[in-house]
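Biologist: I would like to learn how to read a model of this kind, beginning with how one decides that two residues touch. Could you take me through it feature by feature?

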Amino acid sequence: MTTHTRLPEHISTDCTQSLKDLLASAERGDIIGLSAAVMMRRGRYFVEIVGAAARDPVLSLGMTFVLADELRAMAADDRTP
């Protein structure tokens, strides 16, 4: 059986660079909280809520709605960054 996936099976350079940039910002103290959904190979994923994002779930939820709206627009346009 062949498994089809829209996710690339190679290392995503834009993903690794974004994570490096986020880490550098966090180490400088610019990022104080994070809520994220992380996609992994084979359709796996996990979510993480840490720091100020965990202490202020109402704000984090609002930010998540903004993210959902952006993803909805991308899906409607069938566009990718």
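Modeller: Two residues are in contact when heavy atoms of theirs lie within 4.5 Å. This is a predicted model, in which local features need pLDDT of at least 70 and side-chain atom pairs count only at pLDDT 80 or more, while totals for chains, interfaces and linings use all residues. Residues are numbered from 1 along each chain as its sequence is written, and side-chain values use heavy atoms, with hydrogens and water left out.

Biologist: Which residues is Ser60 in contact with, once its neighbours within four places in sequence are left aside?

Modeller: Ser60 touches Ser35 and Ala53. Ser60 itself is found in helix α3, where helices (H or I, at least four residues) and strands (E, at least two) are DSSP runs, numbered from the N terminus. Ser60 is buried, since its relative accessible area is 7%; buried means under 20%, exposed over 50% and partly exposed in between, with a 1.4 Å probe and protein chains only.

Biologist: And Ser25, is it buried or exposed?

Modeller: At 17% relative accessibility Ser25 counts as buried, and its place is in helix α1. Outside its neighbours within four places in sequence, Ser25 is in contact with Asp30 and Ile31. For the chain as a whole, 5% of the 81 residues count as buried, and among contacts between residues at least 6 apart in sequence, 21% join residues at least 24 apart.

Biologist: How should I check the length of a helix, and what does the check give for α3?

Modeller: The expected span is 1.5 Å times one less than the number of residues. Helix α3 (residues 57-77) has 21 residues and should therefore span 30 Å, which agrees with the 30 Å between its end C-alpha atoms. Helix α1 (residues 13-28), with 16 residues, should span 22 Å, and its end C-alpha atoms are 23 Å apart, which agrees.

Biologist: What pattern do the elements follow along the sequence?

Modeller: The chain has three helices and two strands, and along the sequence they come in the pattern α-β-β-α-α. Two strands pair if DSSP finds at least two bridges between them; here seven bridges join strand β1 (residues 33-39) to strand β2 (residues 45-51), and the two run antiparallel. Among the partners, Gly33 is bridged to Gly51 in β2, and Ala37 stands opposite Val47.

Biologist: How many residues lie between β1 and β2 in the hairpin, and what should I look for in the backbone there?

Modeller: Five residues lie between them, and phi is worth examining. Most residues other than glycine have a negative phi. Arg42, in the loop between β1 and β2, has a positive phi of about 60° although it is not a glycine, and it is exposed, with a relative accessible area of 75%. Positive phi values also follow two of the helices: Gly29, after α1, is near 90°, and Asp78, just after α3, is at about 50°.

Biologist: How many salt bridges does a search of the whole structure find?

Modeller: A salt bridge is a side-chain nitrogen of Lys or Arg within 4 Å of a carboxyl oxygen of Asp or Glu, and the search finds two. In one, the side chains of Asp30 and Arg28 meet at 3.0 Å, N to O, and both residues are exposed. In the other, the closest N and O atoms of Arg72 and Asp69 are 2.4 Å apart; because these residues are three apart in helix α3, about one helical turn separates them. Arg72 is exposed at 52% relative accessible area, whereas Asp69, at 45%, counts as partly exposed.

Biologist: Finally, what pLDDT does the chain average?

Modeller: The chain averages a pLDDT, the predictor's confidence in each residue from 0 to 100, of 88, and 85% of the residues score at least 70. Where pLDDT is low, the predicted coordinates should not be read in detail. Among the elements of the chain, α3 has the lowest mean pLDDT, 94, and helix α2 (residues 52-55) the highest, 97.
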